[in-house]
Amino acid sequence: MTPFIRLHPADDVLIARQQLLSGTSVEGVPVKGLIPAGHKIATHAIAQGEPVRRYNQIIGFASKPIAAGEHVHTHNLDMGPNKGDFERDYAFGADVKPEPARREATFMGIKRADGRVATRNYIGVLTSVNCSATAARAIADHFSRRTNPAALAAFPNVDGVVALTHGTGCGMDTEGTGMQLLQRTLAGYATHANFAAVLVVGLGCEANQINAWLAHSSLREGETFKVFNIQDTGGTTKTVAKGVALINEMLPIVNNVKREPCSAAHITIGLQCGGSDGYSGISANPALGAAVDLLVAHGGTAILSETPEIYGAEHLLTRRAVKPEVAEKLIQRIKWWEHYTEINEGEMNNNPSPGNKAGGLTTILEKSLGAVAKGGTSNLQAVYEYAEPVSAHGFVYMDTPGYDPVSATGQVAGGANLICFTTGRGSAYGCAPSPSLKLSTNSALWRKQEDDMDINCGEIIDGSSTVAEMGQRIFELVLATASGEPSKSEKHGYGQNEFVPWQVGAVM
């Protein structure tokens, strides 16, 4: 096995499979200096200003002359004088292919009365505003299996009671985009299949009035959906007591379920990557993409997101759009982000993070080209805005920020009943009420942080597995997890603190 990886014959760089010492030969070129694992080596001399290719795509421009065998990174590669604004061939629909033959697989799911299928069976405690967060957490804490196991002892089919609180809901324009996003997110969670029952706790005087939210979201109270305010109830103590009493009334109803065979078509995966490294686009991301193609062939749905992290690779998605308007909507969201970062005195290449760069990623273009690999090769069926209900089946896109908790929150609000999260640096993450699977991009991370990782895609880098083989393993793990097998993050109790709705607009 070579100590480096070539991804495409036309590439200007190779990827170090392991740390390379000065003088090591790569394709007959002696390495100059120390090259960390996952980082790039120039295969030939590159003049200042010339584009540099990886995946046979431009990942940046030489900011100074680069010698053959030299380390290629932030010291000699950037977005160019136009900050990445170079012509891309969007070629709408050019790579659309015939839909795959339908395949059948099942998992043990929970069928709801309205026909939806759940992968988990939770009770949720939501808040309209940050002011009611403490009361909501106290209600959920009463039912904690760790501190008060007796509370749920008689209800083995209930996965738990979770409080999903947030830091907003007031000090904002009641008719603005920020309020619309918050209310849409809360509605998506309130109606999520993995929540068998929901309690919503407000303060009473907040901008995000519960009654207005109910009206905007076409929601109404019922046997398993209750709302109330602290001010109307008479303070925190009475609020917590009322919330506990209401959940005690809901528990027998929520417990009255059983798992049964359900089509894999009912699985909707939110695709995430965080703490990426130079191997993400070689191992875990394409392996997850292979699993996505399998899920789509079985009638399921996968949601790619994180718009700032597909920037520079959006042309690979527009080529797969089934209709011109789908591609056009994606480009519109890219333009919105360019404007959004500009008015906030930032730029799209503020991403990658320091950890990404330490792992070998240099520009957002390079990171994005690896990130889109999570979406496999299936046709792009639809593009959604943040937290919109996902109604299409197959591979779809949702516009979200790149920050993982915010992005995944939007995907779950849209209906994702499972998250697959790739990482090369070791992200710690979980997502209630949808289980989250973590995919390690390299074996060193797996050995160091196996406690948090569900599967090791580093075997691809090691040469002991292929992308296709790993994709099949991920798909099988998805089915097992959807059937109730707990993920590593669930075992650790992750999920409540990772609910982070996207906050847009002025805080007043």
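How many bridges join strand 19 (residues 380–384) to strand 20, and in which sense do the two strands run? The legends below take up this question first, and the model they describe is a predicted one.

**View 1. Strand 20 and its partners, strand 18 and strand 19.** Strand 19 (residues 380–384) is joined to strand 20 by four bridges, and the two run parallel; within this pairing, the bridge partner of tyrosine 384 is methionine 398 in strand 20. Strand 18 (residues 301–304) is likewise joined to strand 20 by four bridges and runs parallel to it, with leucine 304 standing opposite tyrosine 397 of strand 20. Strand 20 (residues 394–398) is mostly covered, as five of its five residues are buried.

**View 2. Leucine 317 within the largest nonpolar core.** The largest nonpolar core has 104 residues, and those with the most contacts inside it are Trp213, Phe225, Leu317 and Ile474. Helix 6 (residues 284–297) contributes the largest share of this core, namely eight residues. Apart from this core lies another, of 28 residues, which includes Val125, Ala140, Phe143 and Val254. When its neighbours within four places in sequence are left aside, leucine 317 is in contact with Leu304, Ile310, Leu330, Val372, Leu380, Phe395 and Tyr397.

**View 3. An open sheet of four strands with parallel pairing.** The strands of this sheet follow the order 13-12-14-15, and its edges are strand 13 (160–164) and strand 15 (225–229), each of which pairs on one side only. Neighbouring strands here are turned by 15° against each other on average, direction ignored. Strand 14 (residues 195–202) pairs with strand 15 in the parallel sense over five bridges, and leucine 199 has lysine 226 of strand 15 as its bridge partner.

**View 4. Helix 2 and helix 3 beside the strands of the parallel sheet.** Helix 2 (residues 177–190) lies across strand 12 (122–127), strand 13, strand 14 and strand 15, and runs at about 160° to strand 12. Helix 3 (residues 210–217) packs on the sheet and touches strand 14 and strand 15, its direction making about 150° with that of strand 15.

**View 5. An open sheet of four strands with antiparallel pairing.** In this sheet the strands are arranged in the order 1-2-5-8, and the edge strands, strand 1 (4–5) and strand 8 (71–72), each pair on one side only. Strand 1 pairs with strand 2 (residues 13–16) in the antiparallel sense over two bridges, and isoleucine 5 stands opposite isoleucine 15 in strand 2.

Conventions. Residues numbered from 1 in each chain as written. Predicted model: local features only at pLDDT ≥ 70, side-chain atom pairs only at ≥ 80, totals over all residues. Heavy atoms only, no water. Pairing = 2+ DSSP bridges. Core = buried A, V, L, I, M, F, W, Y, C linked by side-chain atoms within 4.5 Å. Buried < 20%, exposed > 50% of the residue type's maximum accessible area, 1.4 Å probe, protein only. Contact = heavy atoms within 4.5 Å. Axes fitted to C-alpha atoms, helices over the stretch in contact; angles between N-to-C directions.
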